[in-house]
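Colleague: I should like to go through this model with you, one question at a time. Please explain each answer before you give it.

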Amino acid sequence: MTSSQTRRIIARLLTHAVLLACCAAALTPFAWMLSTSLKQSGHSLSRQVEWLPRKDVWMRDGQFTEVITLGARVRNLESGAVEEVGITSLAARSKNTDISLPEHRFPAEVLEWRVRPVGDAVVSGAVWVPFPEVRRRLAPHWRNYAEALEKMRFTALLKNTFAVTFLGTVGTLLSCSFVAYGFARFRFPGRDVLFVVLLSSMMLPPVVTMIPVYLIFRELRWIDTLLPLFMPAWFSTNAFAVFLFRQFFMTLPFDLDDAARIDGCGALRIYSNVLLPLCKPVLATVAMFSFSGFWLDFMSPLIYLNSILKFTLSLGLYMFKGPYDVQWDYLMAATLVVSLPCILIFLFGQQFFIRGVVMSGLKG
């Protein structure tokens, strides 16, 4: 093996290592979400990171009994004094650790746990048990998913979200492709200027038009209905989708239009029967972008919807956030279920992001 081949192999290995590290960093939030969705309530936020969902169990009579940890008796390794501390998180899971108290922090050795067995009629109160008898076992709480979906009224919210996503996606595909067809295949005064003005609208922050648009919908009596969520899509408000369609239409040869006109087709027939069937790659790309945008939209439902039964799934996730605490286990379980359709659509449709071949045998 020559030195140049060795350098190429090393460079390739380093490239793959960097890519794997980037992928691991990108997937870390998803892994944390999955881990949190399977944990017990109250075990989500702790100083000691636990990626696997676990629970406290007490070895009694040769069997493990699920317990609730209430506190611990510890020995201060500095002063030698034995003190009782309350365990409010997973901070003290090892024998030698730093026990946090409201006043100070000290290195301590855990002597005993104060636990209460779950569902035990004999031992009703807290019991002191030796440290080795309390262990941590792998225990994913799969019921978090069922309870979370029940709490957020998943079925009703799914219907609303599906209706908004379907109507919004169809409106985006039809209106944006139709406007792009006009910009790409017709010549008229001011065409390029109008197209630049349309593209410049992408530079306008949505917060600038939020109040005027709300006032328009209020005058139309659309507040607390699903109409403001998908109706703007039918008027080609997505400038990026118009740009994608227009650029794709520009790659199609004009001989297709001429041949269709010889056969007696008008502008609408050329658009619907000739050009649009050739736009499958860009149709799929815009559809995936639109589906993700409408499915995960949070701001619009928050502004225009007031009734809980009209909420969408993204707004329903907000139900798990209270004024003083957040139900992280339920929130992460519901979030994973809500984001699953977008993940699947991207995995099965990612080939359309790289397909740009025009399915035509003609050369312009």
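Colleague: Leaving aside its neighbours within four places in sequence, which residues is Ser 177 in contact with?

Modeller: The model is a predicted one. Ser 177 lies in helix H3. Once neighbours within four places in sequence are left aside, the residues in contact with Ser 177 are Thr 172, Phe 245, Phe 249, Tyr 271 and Leu 276.

Colleague: Is Ser 177 buried or exposed?

Modeller: A residue is called buried when its relative accessible area is under 20%. The relative accessible area of Ser 177 is 0%, so Ser 177 is buried.

Colleague: Which backbone oxygen does the side chain of Ser 177 reach?

Modeller: The two partners lie 3.1 Å apart, and a polar contact requires a pair of N or O atoms within 3.5 Å. The side chain of Ser 177 reaches the backbone oxygen of Leu 174.

Colleague: At what angle do H3 and H10 pack?

Modeller: Two packed helices are described by the angle between their axes and the distance between the axes. H3 passes H10 in a right-handed crossing. The axes of H3 and H10 are 9 Å apart, and the angle is about 145°.

Colleague: How many residues does the largest nonpolar core have, and which helix gives the most to this core?

Modeller: The largest nonpolar core has 30 residues, and Ala 148 and Trp 295 are among those with the most contacts inside it. Several helices, including H2, H3 and H10, each supply at least two residues of this core. With eight residues, the helix that gives the most is H13.

Definitions and conventions:
Residues numbered from 1 in each chain as written. Predicted model: local features only at pLDDT ≥ 70, side-chain atom pairs only at ≥ 80, totals over all residues. Heavy atoms only, no water. Core = buried A, V, L, I, M, F, W, Y, C linked by side-chain atoms within 4.5 Å. Buried < 20%, exposed > 50% of the residue type's maximum accessible area, 1.4 Å probe, protein only. Helix = DSSP H or I, 4+ residues; strand = E, 2+ residues; numbered from the N terminus. Polar contact = N/O pair within 3.5 Å; in protein donor to acceptor, adjacent residues only side chain to side chain. Contact = heavy atoms within 4.5 Å. Axes fitted to C-alpha atoms, helices over the stretch in contact; angles between N-to-C directions. Left-handed = near helix turned anticlockwise from the far one by under 90°.
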